[in-house]
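Welcome, and please keep your viewer open beside this text. We will go from one selection to the next and say what is there.

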Amino acid sequence: PLTREWAHDKFVEKEKKYYWNSIKTDLAGHHSRLFRHENGVISAYSQFEPANNINEDEQLTESEIREWGFNPDMFEREEV
C-alpha cells in the first residue's frame, strides 16, 4: 500500500549529511569536529587531525548544525 511516508521517502530529495571539521586549530594544534550527543544536542570535540570516520553521531546536515547556533562557514565539510 502506498502511503504519504512512502511517497515522501521515494520522491523528496533528502538533505545531504556531512562530517564537519573546524577550519582553525586551537593552540595545541587540534581541530574541532561536530557531533550529536545521545540527547540530540550538537557540540564539538577536539581531535589532533581531521579523520575519515564513519561514526553515525558525526553525520550531520547543515540545517541541524544551524539549529544549534554553529556557522557552517567556520567548518570544512566532507560528504558522507
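A polar contact is a pair of N or O atoms within 3.5 Å; within protein, one must be able to donate a hydrogen and the other to accept it, and residues adjacent in sequence count only if both atoms are side-chain atoms. Before you use that term, note that this is a predicted model, in which local features need pLDDT of at least 70, side-chain atom pairs count only at pLDDT 80 or more, and totals for chains, interfaces and linings use all residues. Residues are numbered from 1 along each chain as its sequence is written, and side-chain values use heavy atoms, with hydrogens and water left out.

**The whole chain.** Colour by secondary structure to find two helices and four strands, in the order α-β-β-β-α-β from the N terminus. Helices (H or I, at least four residues) and strands (E, at least two) are DSSP runs, numbered from the N terminus.

**Serine 43.** Select this residue in strand S3 (residues 42–47). The side chains of serine 43 and histidine 37 make a polar contact of 2.7 Å. Beyond four places in sequence, serine 43 also has Arg33, Leu34, Phe35 and Phe70 among its contacts (heavy atoms within 4.5 Å).

**The core.** Next, select Tyr18, Trp20, Leu34, Ile42, Leu60, Ile65 and Phe75, the seven residues of the largest nonpolar core. Such a core is a set of buried Ala, Val, Leu, Ile, Met, Phe, Trp, Tyr and Cys residues joined through side-chain atoms within 4.5 Å. Buried means under 20% relative accessible area, exposed over 50%, and partly exposed in between (1.4 Å probe, protein chains only). Centre on isoleucine 42, whose contacts more than four places away in sequence include Leu34, Leu60, Ile65 and Trp68.

**The salt bridges.** Which residues are joined into one network by salt bridges that share partners? Start at glutamate 62: arginine 66 forms a salt bridge with it, the closest N and O atoms being 2.9 Å apart. These two are four residues apart in helix H2 (residues 62–67), so about one helical turn separates them. Glutamate 62 also forms a salt bridge with arginine 77, at 2.8 Å between the closest N and O atoms. Because glutamate 62 lies in helix H2 and arginine 77 in strand S4, this pair ties together parts 15 residues apart in sequence. The network is thus Glu62, Arg66 and Arg77. A salt bridge here is a side-chain nitrogen of Lys or Arg within 4 Å of a carboxyl oxygen of Asp or Glu.
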